[in-house]
Amino acid sequence: MPAPARVQTVRWHEFPGVAALQRDALARVLAAAREAIEQRGAFEIVLAGGNTPRALYRALRHAATDWKAWQIWFGDERCLPPDDPGRNSRMARAQWLDHVQLPAANLHAIPAERGAREAAAIYARELRGIDAFDMVLLGLGEDGHTASLFPGRDWGVHPDSPDALAVFDAPKPPPERVSLSANRLSRARAVLFLVEGAGKRDAVAAWQRGEAIPARSIAPEAGVDVLLDAAAGNHGTG
Ligand code: 6PG
């Protein structure tokens with residue numbers, strides 16, 4: 001298992017329940033957006049897939065912001081047809097993006113329907129012009145995976161790793177996916193993990209013990225913030 005190339009700094013934020021966690025996540029995203037838009041005229045954000053971010057995405061529907069300044073990227077995507085319910089981009093559109101005035105050109109979906117290898121090459125080319133992301137949203141799997149970086153596979157931790165990786169043997173279905181590499185996900189001004197539920201407790205505990213889980217390979221200079229509810233935390237009783 002590849003050791004992380006850089007040491008990760010983690011700030012843990014435990015909340016009594018998911019509502020408080022999601023409120024904090026919303027405040028952090030909107031604060032990051034305000035700062036990026038004021039300072040650079042654009043907000044480059046990478047979205048997480050899975051179910052945890054749904055509530056945050058629904059809340060973002062109602063945000064008072066200049067959607068023309070938002071550039072939406074994805075940390076990973078499943079190799080399924082664009083309108084398949086399992087697509088991360090479809091979930092984000094259904095919960096949020098199709099309900100706001102985001103210009104179509106600002107939605108940078110991973111063309112995962114073209115197959116992992118071709119889609120990874122296309123997305124890496126699209127990312128060439130992008131420097132550090134302003135914010136990266138990530139989830140945590142029960143095995144410690146994040147995006148589609150899974151234990152025992154290549155996470156792309158080194159500076160010369162490709163920006164996007166083709167994944168063919170993901171243990172979480174579907175097996176074929178595209179994932180940004182750990183190195184590319186780490187090129188960010190802020191990284192926010194959203195972690196909810198007792199099912200994540202073991203992965204959180206392994207992370208806190210310093211085990212080399214994929215989530216620990218995300219090591220931006222500013223460190224990462226992990227928002228977790230009591231059920232996922234070690235004090236969780238849920
Ligand atoms: C995916 C996600 C994946 C997800 C975690 C947590 O495509 O499945 O990118 O990394 O964030 O598996 O998923 P939940 O939020 O559904 O628990």
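User: How do you know that the ligand has a polar contact with the side chain of Asn-88?

Analyst: In this predicted model, an oxygen atom of the ligand lies 3.0 Å from an N or O atom in the side chain of Asn-88. A polar contact needs a pair of N or O atoms within 3.5 Å. The pair at Asn-88 meets that cut-off, so it counts as a polar contact.

User: What makes the pairs at Arg-78 and Thr-52 polar contacts?

Analyst: The same cut-off of 3.5 Å applies. For Arg-78, an N or O atom of the side chain is 2.8 Å from a ligand oxygen. For Thr-52, the distance from a side-chain N or O atom to an oxygen of the ligand is 2.7 Å. Both values are within 3.5 Å, so both pairs are polar contacts. As for cover, the ligand on its own has 420 Å² of accessible area, and the protein covers 92% of it.

User: Where does the ligand sit, and which residues come nearest?

Analyst: The ligand is in the largest pocket. There are 15 residues around the ligand, and those that come nearest are Thr-52, His-145, Ala-147, Lys-172 and Lys-200.

User: How many residues of each class does the shell around the ligand have?

Analyst: The shell has eight polar residues, five charged ones and two nonpolar ones. Lys counts as charged and Thr as polar, so Lys-172 and Lys-200 belong to the charged class and Thr-52 to the polar class. Ala counts as nonpolar, so Ala-147 is in that class.

User: Why is Ala-147 called buried or exposed?

Analyst: Its relative accessibility is 12%, and buried means under 20%. Ala-147 therefore counts as buried. Ala-147 is in the loop between strand E5 (135–138) and strand E6. The phi angle of Ala-147 is near 50°, a positive value in a residue other than glycine.

User: What joins Pro-173 and Pro-174, and where is Pro-174 found?

Analyst: The two are joined by a cis peptide bond, with omega at about 0°. Pro-174 is in the loop between strand E6 (164–167) and strand E7 (177–180).

User: Why is Arg-23 placed in its exposure class?

Analyst: Exposed means over 50% relative accessible area. Arg-23 has 57% relative accessibility, so it counts as exposed. Arg-23 belongs to helix H1 (residues 18–40). Pro-162 is 139 residues from Arg-23 along the chain, and their C-alpha atoms are separated by 34 Å.

User: What makes Glu-126 and Ala-222 members of their exposure classes?

Analyst: Partly exposed is the class between buried, under 20%, and exposed, over 50%. Glu-126 has a relative accessible area of 32%, so it is partly exposed. Ala-222, at 40% relative accessibility, is therefore also partly exposed. Glu-126 is in helix H4 (residues 116–127), while Ala-222 is in the loop between helix H6 (201–208) and strand E9. From Glu-126 to Leu-21 the C-alpha distance is 32 Å, with their positions 105 residues apart in sequence. Ala-222 and Glu-142 are 80 residues apart along the chain, and their C-alpha atoms are separated by 25 Å.

User: Why is Ala-232 classed as buried?

Analyst: Its relative accessible area is 0%. That is under 20%, so Ala-232 is buried. Ala-232 lies in the segment after strand E9 (224–229). The C-alpha atoms of Ala-232 and Ala-212 are separated by 19 Å, and the two residues are 20 apart along the chain.

Definitions and conventions
Residues are numbered from 1 along each chain as its sequence is written. This is a predicted model: local features need pLDDT of at least 70, side-chain atom pairs count only at pLDDT 80 or more; totals for chains, interfaces and linings use all residues. Side-chain values use heavy atoms; hydrogens and water are left out. A residue is near a molecule or strand if one of its heavy atoms lies within 4 Å of it. A polar contact is a pair of N or O atoms within 3.5 Å; within protein, one must be able to donate a hydrogen and the other to accept it, and residues adjacent in sequence count only if both atoms are side-chain atoms. Accessible areas come from the Shrake-Rupley method with a 1.4 Å probe; for residues, only the protein chains shown count as cover. On a 1 Å grid over the protein atoms alone, a cavity is a set of points where a 1.4 Å probe fits but cannot get out, and a pocket is an open set with protein on both sides within 12 Å along at least five of seven lines; lining residues have an atom within 4 Å of a point. A molecule sits in a cavity or pocket if more than half of its atoms lie within 2 Å of its grid points. Helices (H or I, at least four residues) and strands (E, at least two) are DSSP runs, numbered from the N terminus. Buried means under 20% relative accessible area, exposed over 50%, partly exposed in between (1.4 Å probe, protein chains only).
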